Every structure is written in C-alpha cells, then in structure tokens.
Amino acid sequence: MSVEAGASRKRKRFGSVVIDIQPLKVPAFRRLWVGTAVTAIGSQLTTVAVPKQVFDLTGSSAWVGLTGAVALVPLLVFGLWGGAIADTVDRRKLLLLGNAGIAVVSALLWLQAWLNIGSVWLVLVLLALNQAFFAINMPTRSAIVARLVAPELLPAATALSGTMNMFGTIFGPMAAGALMPVLGLPTLYLIDTIALLLTLYTVWRLPALPPLSGLARRAGLRDVIDGFRYMGTQKVLLASFVVDIIAMVAGMPRALFPEMAERTFGDPPGGGLALGWLFAAIPIGSVVIGLFSGWLGRIRRQGVAVVVAICAWGAAIVGFGLAHALWLAVTFLIIGGAADMVSAIYRQSILQAAATDEMRGRMQGAFTVVVAGGPRIADVTHGWSGAAVGTAAASAGGGVLVIVLIVIAVAMLPAFWRYRAAAVVK
C-alpha cells in the first residue's frame with residue numbers, strides 16, 4: 001500500500017470520528033448555529049450569576065434550590081404552550097419574539113444588580129420571566145432544525161448545536177468565576193444582554209418558516225392536549241422523556257455548587273475559580289464528545305446507547321459526591337458531562353426523526369420542559385436535601401438513584417431498549 005493511500009485511509013478514519021460539519025454547508029442552519037454561538041457564553045454568565053446572587057443575598061443553598069421551583073412553573077406552562085404555538089405560526093417570527101423577551105429581562109437583571117437593590121424576590125421574579133421566554137424560544141429553535149437539514153444530517157446538526165451550547169457552558173462559567181471578582185456581578189448580566197441583541201440579527205436572516213399546511217392560526221389548549229395524546233401513542237418518544245427526567249431530577253447537583261465551591265473547595269465569599277470549574281466541568285465533557293461525535297451517527301441501537309449513557313452519568317455523579325478534592329470532583333463531572341452529551345444527541349435525534357412536523361414543535365416543547373425543567377426540580381430537591389443531610393450525601397445518593405430508576409424504567413418501557421434508527425440509504 002502506498003504512502004498516499006495509507007494517509008488517505010487515516011484521514012477517512014479520523015474524519016469519521018471528529019464532528020461532522022456538513023450541516024453548516026446549509027446557509028439557513030449556519031445562521032441559526034451562529035446565533036447559538038453568540039449567545040452560548042453570555043447566557044451562561046447569567047446562569048452562574050443568578051444562583052450566586054441568591055446565595056450572596058441569603059447564604060443558603062435552600063434558597064438557591066428555590067430558584068428551581070420559581071423557574072419550573074413558567075417552564076412547564078410556556079414550554080408546552082410555546083411548543084404548540086411553534087406548530088401553528090411562522091417559527092422565525094416566534095423565535096424573534098422569544099429572543100427579544102430574554103434580552104429585555106437580562107437588561108432588567110443587570111439594572112437591579114447595578115442599583116444594588118438587594119431584593120432576592122425581585123431576582124426570583126425576573127428569573128421566572130426569563131424562563132418563560134426561554135421556554136418559548138427553545139422548542140421553536142429546536143423544531144426549526146428538521147426544516148433546514150436533511151434527515152440523515154439530524155444527528156450531526158444536533159451534535160453541532162449541542163457542542164456549541166456546551167462550549168458556552170464551559171467558558172461562560174469559567175469567565176464568570178474569573179470576571180466576577182474583577183468586574184462585579186452586574187457586568188455578567190450586561191454581557192448577556194449585549195449577546196442576545198446581537199443574536200436577533202442572525203434570526204432575522206432566517207427564511208420564513210410557516211406551518212407546512214400553509215395555514216397559520218392561534219394555538220389553544222386543544223393543541224397542547226393533542227400533543228400529549230400523540231406522545232401517549234409513541235412509546236419510544238414517551239420513554240425518551242422519562243429517562244431524561246430520571247437523569248436530571250435525581251442526578252443534577254448544580255444547586256449545591258455555590259455552597260461546595262465556598263465551603264468544600266475554598267472559594268472566597270465573593271466567588272472564585274472553584275465555582276467556575278464546577279459549573280464548567282459537565283460542559284467540558286459534553287464538548288469533548290461533541291467534537292469527536294462523528295462515530296455517533298453509525299450507532300443504530302440508539303435506545304441502548306441512551307440507557308448506557310445515563311447509567312454512566314449516575315455513576316459519575318456518585319463519584320463527584322464522594323470527592324473531597326476539586327480536581328477529582330471536576331474529573332467526575334467531566335465524565336458525567338460526556339455521558340450526558342451522548343444521551344442528549346441520541347434523544348434529540350430520536351425526537352426529530354420519530355415526530356411528524358405538525359407535532360414537532362409540541363414534542364420539542366415537551367423536550368424543553370424535561371431538559372430545562374428536570375434540572376430545576378433537581379435544584380429544589382438537591383438544595384433542600386443538601387441543607388438537610390449535607391452536599392456529599394445529597395449528590396452521591398442522587399447518582400445511585402439514577403441507576404436504580406433507569407433500570408426500572410427500561411423494564412417498564414422495553415420498546416425504548418429495542419429502538420433502532422433507520423438505516424441511511426447512500
């Protein structure tokens with residue numbers, strides 16, 4: 001075999017492993033992806049700033065956990081309703097509305113912090129408004145993807161979007177930890193606001209995306225109910241939501257990060273690098289998987305892959321809870337993030353492929369409720385259990401519970417374990 005032939009084979013094997021960038025050749029998807037990239041870091045600054053501000057104002061992880069309860073209600077209501085709206089109107093216009101709303105709320109968060117009002121309830125109200133617009137924005141953005149790329153490119157498009165989001169959740173928290181002592185917490189909100197305003201331009205450049213039927217109409221309660229009925233008939237879709245609820249509600253310990261950063265890993269009271277590393281560790285693992293996700297498109301037993309990945313997530317969280325050194329805790333969180341990214345890519349691919357377009361917005365709305373709402377419930381349960389039994393026991397116990405519950409769920413919904421993706425005809 002010639003040197004050139006050997007080098008060609010090596011490039012081919014490497015290209016099948018690294019992330020597939022073919023979806024970026026589609027101009028509309030590229031614009032959507034660029035908009036995601038711009039806000040990825042900025043939004044994470046706010047994600048760190050809100051719990052940190054609440055902890056600074058109250059000194060309690062239980063109050064930080066309450067942020068999950070406050071955010072959950074608008075996520076549930078507007079996630080489901082927003083998904084129904086996305087199936088009945090031009091998705092581009094709805095995405096513009098959602099982005100504009102989040103930008104306004106971020107500006108208000110900056111203003112209250114800059115004025116040093118010191119009201120934890122004002123922060124919680126603004127958080128609820130932020131999550132309401134977020135719940136409309138996310139299912140709409142996700143439902144757009146299948147209209148922009150070919151079906152065989154959905155895993156690659158999902159990996160690209162997820163990797164960029166995770167990229168932001170790495171550098172956003174780390175930047176927050178580094179910038180907070182220097183620029184102050186209000187500046188984090190301001191940077192997020194500016195990033196959101198820049199994103200509006202990329203959304204404006206998207207093509208019109210009305211319903212395929214051509215008939216735009218007002219979404220009502222019946223549309224939401226129809227979405228639940230449809231989900232009930234699709235056992236694989238239903239199972240994909242159940243397993244993620246288990247992984248996030250039982251296993252996501254982020255409400256404990258502010259307390260652990262300060263009292264376990266030695267951060268100063270004003271915030272520091274340990275807090276940034278804890279928030280960034282899970283996304284680091286996710287980005288590593290995303291950057292080398294080319295092989296994921298070849299796996300057809302996607303249900304099995306999701307189950308194995310979630311069990312690995314649970315085991316990693318057990319290790320995190322038992323770790324007493326920052327480097328070891330971060331390592332376990334990175335492993336957990338890698339496992340969670342594998343699960344997320346396959347669950348989103350299953351959802352995009354199995355749902356019809358007239359139901360895709362509602363399914364993405366349910367997906368948003370699960371993906372974003374699950375961690376919010378976890379904020380409550382981990383925050384309160386951490387205050388009661390300690391952060392180590394709350395984290396490790398949650399990881400064990402993930403593994404136990406996922407085994408039970410698969411036994412009750414075996415169709416998910418048997419699910420295979422359709423083979424791509426080339």
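**A nonpolar surface patch and buried charges in an all-helix model**

Six residues, Val 104, Leu 108, Leu 111, Trp 114, Leu 115 and Ile 117, come together as a nonpolar patch on the surface, and their accessible area adds up to about 580 Å². The model is a predicted one, so everything below describes computed coordinates. One member of the patch, Leu 115, sits in the loop that joins helix 4 (91-114) to helix 5 (120-148). Leu 115 is partly exposed, since its relative accessible area is 48% and the exposed class begins over 50%. Asn 116 is found in that loop between helix 4 and helix 5 too. With 64% relative accessibility, Asn 116 counts as exposed. Its backbone is a bit unusual to look at: phi of Asn 116 is near 55 degrees, a positive value in a residue other than glycine.

Stepping back to the whole chain, the protein is built with 16 helices and zero strands. It has 426 residues, of which 56% count as buried. Contacts reach across the sequence: taking those with a separation of 6 or more, 88% are between residues 24 or more positions apart. About 17,800 Å² of the protein is exposed, and carbon and sulfur atoms supply 71% of that area.

Helix 15 (residues 391-412) makes a handy check on geometry. Its 22 residues should span 32 Å at 1.5 Å a residue, and the C-alpha atoms at its ends are indeed 32 Å apart, so the two values agree. Quite a few residues of helix 15 are buried, among them Thr 391, Ala 394, Ser 395, Gly 398, Val 402, Ile 406 and Val 410. Ser 395, which belongs to helix 15, has a relative accessible area of 0% and is therefore buried. Apart from neighbours within four places in sequence, Ser 395 is in contact with Pro 253, Leu 256, Ile 317, Phe 320 and Gly 321. Between the C-alpha atoms of Ser 395 and Ser 385, which are 10 residues apart along the chain, the separation is 9.1 Å.

Next comes His 382, a residue of helix 14 (residues 357-389). His 382 counts as buried because its relative accessibility is 3%, against a limit of under 20% for that class. Its side chain reaches the backbone oxygen of Ala 250 at 3.5 Å. The side chain of His 382 also makes a polar contact, at 3.5 Å, with the side chain of Thr 381. Once neighbours within four places in sequence are set aside, the contacts of His 382 are Val 249, Ala 250, Gly 251, Met 252, Pro 253, Leu 256 and Ala 394. Two of those names, Pro 253 and Leu 256, turn up in the contact list of Ser 395 as well.

Charged side chains are the last topic. Side chains of opposite charge can pair when their charged atoms come close. The count here comes to four salt bridges. In one of them, Asp 244 and Arg 347 meet through their side chains, 3.0 Å from N to O. Asp 244 is part of helix 9 (residues 235-251) and Arg 347 part of helix 13 (residues 326-354), so this pair ties together parts that are 103 residues apart in sequence. Neither partner is on show: Asp 244 is buried because its relative accessibility is 2%, and Arg 347 is buried at 3%.

Another salt bridge joins the side chains of Arg 254 and Asp 379, with 3.2 Å from N to O. Arg 254 lies in the loop between helix 9 and helix 10 (257-263), while Asp 379 lies in helix 14, so parts 125 residues apart in sequence are tied together by the pair. Asp 379 counts as buried, with 3% relative accessibility. Helix 14 is also home to His 382.

A further salt bridge stays within one helix. Asp 56 pairs with Lys 52, their closest N and O atoms being 3.1 Å apart. Both residues lie in helix 2 (residues 27-58), four residues apart, which is about one turn of the helix. An α-helix has 3.6 residues a turn, so residues three or four places apart point the same way. Even so, burial differs within this pair: Asp 56 counts as partly exposed at 43% relative accessibility, whereas Lys 52 is buried, with a relative accessible area of 4%.

Technical notes:
Residues are numbered from 1 along each chain as its sequence is written. This is a predicted model: local features need pLDDT of at least 70, side-chain atom pairs count only at pLDDT 80 or more; totals for chains, interfaces and linings use all residues. Side-chain values use heavy atoms; hydrogens and water are left out. Helices (H or I, at least four residues) and strands (E, at least two) are DSSP runs, numbered from the N terminus. Buried means under 20% relative accessible area, exposed over 50%, partly exposed in between (1.4 Å probe, protein chains only). Contact means heavy atoms within 4.5 Å. Accessible areas come from the Shrake-Rupley method with a 1.4 Å probe; for residues, only the protein chains shown count as cover. The expected span of a helix is 1.5 Å times one less than its number of residues. A polar contact is a pair of N or O atoms within 3.5 Å; within protein, one must be able to donate a hydrogen and the other to accept it, and residues adjacent in sequence count only if both atoms are side-chain atoms. Patches are made of residues with over 30% relative accessible area and no salt bridge: like charges are joined within 9 Å, nonpolar side chains (Val, Leu, Ile, Met, Phe, Trp, Tyr) within 5 Å.
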